[in-house]
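Visitor: Hi, I have a structure to look at and no idea where to start. Can we go through it together?
Guide: Sure, let's put it up and take it bit by bit.

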Amino acid sequence: MSMHAPLASPTQAGFLAGYLESLAMVERLHRLLLDVIKDEFERLGVLDINAVQALLLFNIGDNEVTAGELKSRGYYQGSNVSYNLKKLVDMGYMHHQKCEIDRRSVRVRLTEKGRHVRDTVDGLFERHSEGLEKQGVLNADGVDRLNHSLKRIERFWSDQIRYIY
């Protein structure tokens with residue numbers, strides 16, 4: 001008796017290969033997104049902020065949130081949110097204040113300097129959106145189908161975590 005799982009059927013193996021390729025693509029796309037943001041800020045001569053921090057400011061936008069809400073709302077996916085928030089406050093990109101109801105909690109919002117970064121990232125994404133459509137890379141229907149598929153995967157993975165036991 002073999003200790004290995006039985007070989008997958010050709011159909012299953014094909015699907016698995018495609019799924020693994022998709023996972024690798026999602027990871028590469030995220031890294032490329034950070035590189036694109038980094039290059040934009042280097043081009044503009046803004047060197048005191050990194051791409052992760054710029055994307056965080058973009059995602060917060062005009063909202064006032066706690067550190068915990070950053071993850072629950074999907075604004076930040078990293079593990080070092082406290083470090084980045086402290087850096088952004090120290091560099092003048094964010095205001096912070098203790099929450100009136102729960103003094104242990106801190107609420108953050110963008111300063112004018114932070115809003116400038118958000119606007120820069122917004123402009124970058126707007127130019128990319130126009131370029132993708134103009135060059136025929138993606139159209140509105142393609143974006144809708146892509147987002148629909150990614151949301152279904154997100155829901156599947158969330159269910160895997162939530163119902164693991």
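Guide: We'll talk about the pocket, a surface patch, some salt bridges and one residue pair, and keep in mind that this is a predicted model.

Visitor: Okay, how much space lies in the largest pocket?
Guide: About 2,200 Å³.

Visitor: And how many residues line the largest pocket?
Guide: The lining has 41 residues. V26, L29, H30, L33 and L150 are the ones that lie nearest the centre of the pocket.

Visitor: Which helix gives the most to that lining?
Guide: That's α1, with 13 residues. Helices α1, α2, α3 (67-72), α5 and α6 each supply at least two.

Visitor: What kinds of residues are in the lining: nonpolar, polar, charged?
Guide: They split into 25 nonpolar, twelve polar and four charged.

Visitor: You mentioned a patch. Which residues make the nonpolar surface patch?
Guide: V26, L146, L150, I153, F156 and W157 make it, and the patch covers about 530 Å². Helix α6, residues 140-162, gives the most to it, with five residues.

Visitor: Hang on, L150 came up with the pocket too. Where does L150 lie?
Guide: L150 lies in helix α6. You did hear L150 before, among the residues nearest the centre of the largest pocket.

Visitor: So why does L150 count as partly exposed?
Guide: Because its relative accessibility is 39%, and partly exposed runs between under 20% for buried and over 50% for exposed.

Visitor: New topic. How many salt bridges does a search of the whole structure find?
Guide: It finds 15. The general idea is that side chains of opposite charge can pair when their charged atoms come close.

Visitor: Show me one. What does R31 form a salt bridge with?
Guide: R31 pairs with E27, and their closest N and O atoms are 3.0 Å apart. Both residues lie in helix α1, residues 10-44, and being four residues apart puts them about one turn of the helix from each other.

Visitor: Are those two buried or exposed?
Guide: R31 is exposed, with a relative accessible area of 52%. E27 is partly exposed, at 45%.

Visitor: What about K86 and D90, how far is N to O there?
Guide: That salt bridge has 2.9 Å from N to O. K86 and D90 are about one helical turn apart because they sit four residues from each other in helix α4, residues 81-90. K86 has a relative accessible area of 53%, so K86 is exposed. D90 also counts as exposed, at 53% relative accessibility.

Visitor: Which residues do salt bridges that share partners join into one network?
Guide: E64, E69, R73 and R107 are joined that way.

Visitor: Okay, and which parts of the chain do K113 and D48 come from?
Guide: First the contact: the side chains of K113 and D48 meet in a salt bridge, 3.8 Å from N to O. This pair links distant parts of the chain, with K113 in helix α5 (residues 112-134) and D48 in the loop between α1 and α2 (51-60), 65 residues apart. K113 is partly exposed, with a relative accessible area of 36%, and D48 is partly exposed too, at 37%.

Visitor: Last one, V117. Where is it, and is it buried or exposed?
Guide: V117 lies in helix α5. V117 counts as buried because its relative accessibility is 2%.

Visitor: How far apart are V117 and L57?
Guide: They are 60 residues apart in sequence and 7.0 Å apart in space, going C-alpha to C-alpha.

Visitor: Thanks, I'll go and find those on the model!

How values were computed:
Residues are numbered from 1 along each chain as its sequence is written. This is a predicted model: local features need pLDDT of at least 70, side-chain atom pairs count only at pLDDT 80 or more; totals for chains, interfaces and linings use all residues. Side-chain values use heavy atoms; hydrogens and water are left out. Patches are made of residues with over 30% relative accessible area and no salt bridge: like charges are joined within 9 Å, nonpolar side chains (Val, Leu, Ile, Met, Phe, Trp, Tyr) within 5 Å. Accessible areas come from the Shrake-Rupley method with a 1.4 Å probe; for residues, only the protein chains shown count as cover. A salt bridge is a side-chain nitrogen of Lys or Arg within 4 Å of a carboxyl oxygen of Asp or Glu. Buried means under 20% relative accessible area, exposed over 50%, partly exposed in between (1.4 Å probe, protein chains only). On a 1 Å grid over the protein atoms alone, a cavity is a set of points where a 1.4 Å probe fits but cannot get out, and a pocket is an open set with protein on both sides within 12 Å along at least five of seven lines; lining residues have an atom within 4 Å of a point. Grid points are joined across faces, edges and corners, and a volume is the space filled by probe spheres set on the points. Ala, Val, Leu, Ile, Met, Phe, Trp, Tyr, Cys and Pro count as nonpolar, Asp, Glu, Lys and Arg as charged, and the others, Gly among them, as polar.
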